[in-house]
Amino acid sequence: MTDATAHLARHLADLQTWDSEADDTLVCTAVVDETHDVRTFVFEPPEPRRFAYRPGQFLTFEFALPSGPVNRCYTISSSPLRPHTVAITVKRVPNGPVSNWLHDHCAPGTAVKAIGPMGEFSCLDDPAPKYLFLSGGSGITPLMAMSRAFADLGRPVDVVFVHAARTPGDIVFRAELDLIARRLPGFRVAHLPERAGGEAGWAGPLGRLSAEFLALVAPDFKERSVWCCGPEPFMNAARSLLGALGHDPRLYHQESFDFAKLASAEPEVAAEVLDAEAAEAAAVPTYDVTFTKLGQTVKVRADQFILAAARDQGVRLAASCTEGLCGTCKAKIVSGTVDMSHKGGIRKKEVDQGLFLPCCSKPKSDLVVDR
């Protein structure tokens, strides 16, 4: 039996499900060039496991960079109906330490730490008869996972997938999306590069998302459940455009790890919350929170999340989701206690070891943090 066949046989055996409480190591098995600056990294556990997740969810990784461990969240781009591996698709970012490390150093055999999957951006959580997927750049990954899942099942769907890119050469998964559109009844794809970018014979549309383009590719867009992911300006533009055209905001969903900015979209509500907080603040105890490695101490009220209060006072702490989902801000308590309300970004055994997430924790006493 060849190595590849033996490997396949192990994966076809009865497998345990990947459990973030028990499993935290993934090994890269393949690297695929998607475009000139985008690559897909395929991972599997050291011992075969089956992954169970919803398309659109993400993993939180800990990468061992030369400068020290760094946490990052990446949405899974592979289909949950192919559960033996998971894949992330990463665009190289100029001066981006993690994306460049992945592109330059992550190869078959590289081991990384990971927890999850987690996240709430999945069409499974809000099913609809018609979808409009909108993605820009590397924001295509969660929508690709959803599309691949539909394609793996092969049943007719009603999906219009619009992907925006700088040029045709920047369209991620271009050939695979075209193949899905040819083989899956009801799945349509519209690539929308801003400019031709030197590709001879490009016959498709050029430009940005507009009312005219939507009328062309999805004239019934008001009836469609919209799922949008991409750079923040892209998502803001898409949301504004759809709102101006009368699309029901209850049918609009977008991926974002920055929930504070999402809250700012409702300024009147935010103002009411701030007023109420100010009225209650005087009666709430305040504690000293000391970050030993940074050599800084901040005042944090008992009703404040530690990360937000520390940032307001100039302490720079790495974080991503800011609501206990991703685990990026994980730190160790040296002394003191907190009231933590996370959403899966930390495991029980880590809590038992004294770790906590400052983004979703409020102090219950003076606190010393190893960070």
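**From the end of helix α3 back to a strand pair**

Helix α3 is followed by G154, a residue whose phi is positive, near 80°. The model in which this turn of the backbone angle appears is a predicted one, and the helix that G154 follows is a convenient place to begin reading it. Helix α3 covers residues 141-153, and over these 13 residues the distance from its first C-alpha to its last is 19 Å, close to the 18 Å expected at 1.5 Å a residue.

As to its surroundings, α3 is mostly covered, with 10 of its 13 residues buried, where buried stands for under 20% relative accessible area. The buried residues of α3 are T141, P142, L143, M144, A145, M146, S147, R148, A149 and F150. An α-helix has 3.6 residues a turn, so residues three or four places apart point the same way.

Earlier in the chain, strand β3, formed by residues 58-65, runs antiparallel to β4, and eight bridges join the two strands. The connection between β3 and β4 is a hairpin that passes through two residues, and within this pairing F61 has R72 of β4 as its bridge partner. Strand β4 itself, residues 68-75, is mostly covered, since six of its eight residues are buried.

For a wider frame, an unreviewed UniProt entry places the feature "domain: FAD-binding FR-type" at residues 21-124. In the predicted model, the end C-alpha atoms of residues 21-124 lie 24 Å apart, and the span is 9% helix and 44% strand.

Definitions and conventions: Residues numbered from 1 in each chain as written. Predicted model: local features only at pLDDT ≥ 70, side-chain atom pairs only at ≥ 80, totals over all residues. Heavy atoms only, no water. Buried < 20%, exposed > 50% of the residue type's maximum accessible area, 1.4 Å probe, protein only. Helix = DSSP H or I, 4+ residues; strand = E, 2+ residues; numbered from the N terminus. Pairing = 2+ DSSP bridges. Expected span 1.5 Å × (residues − 1). UniProt positions renumbered as here; feature names shortened; annotations may be inferred.
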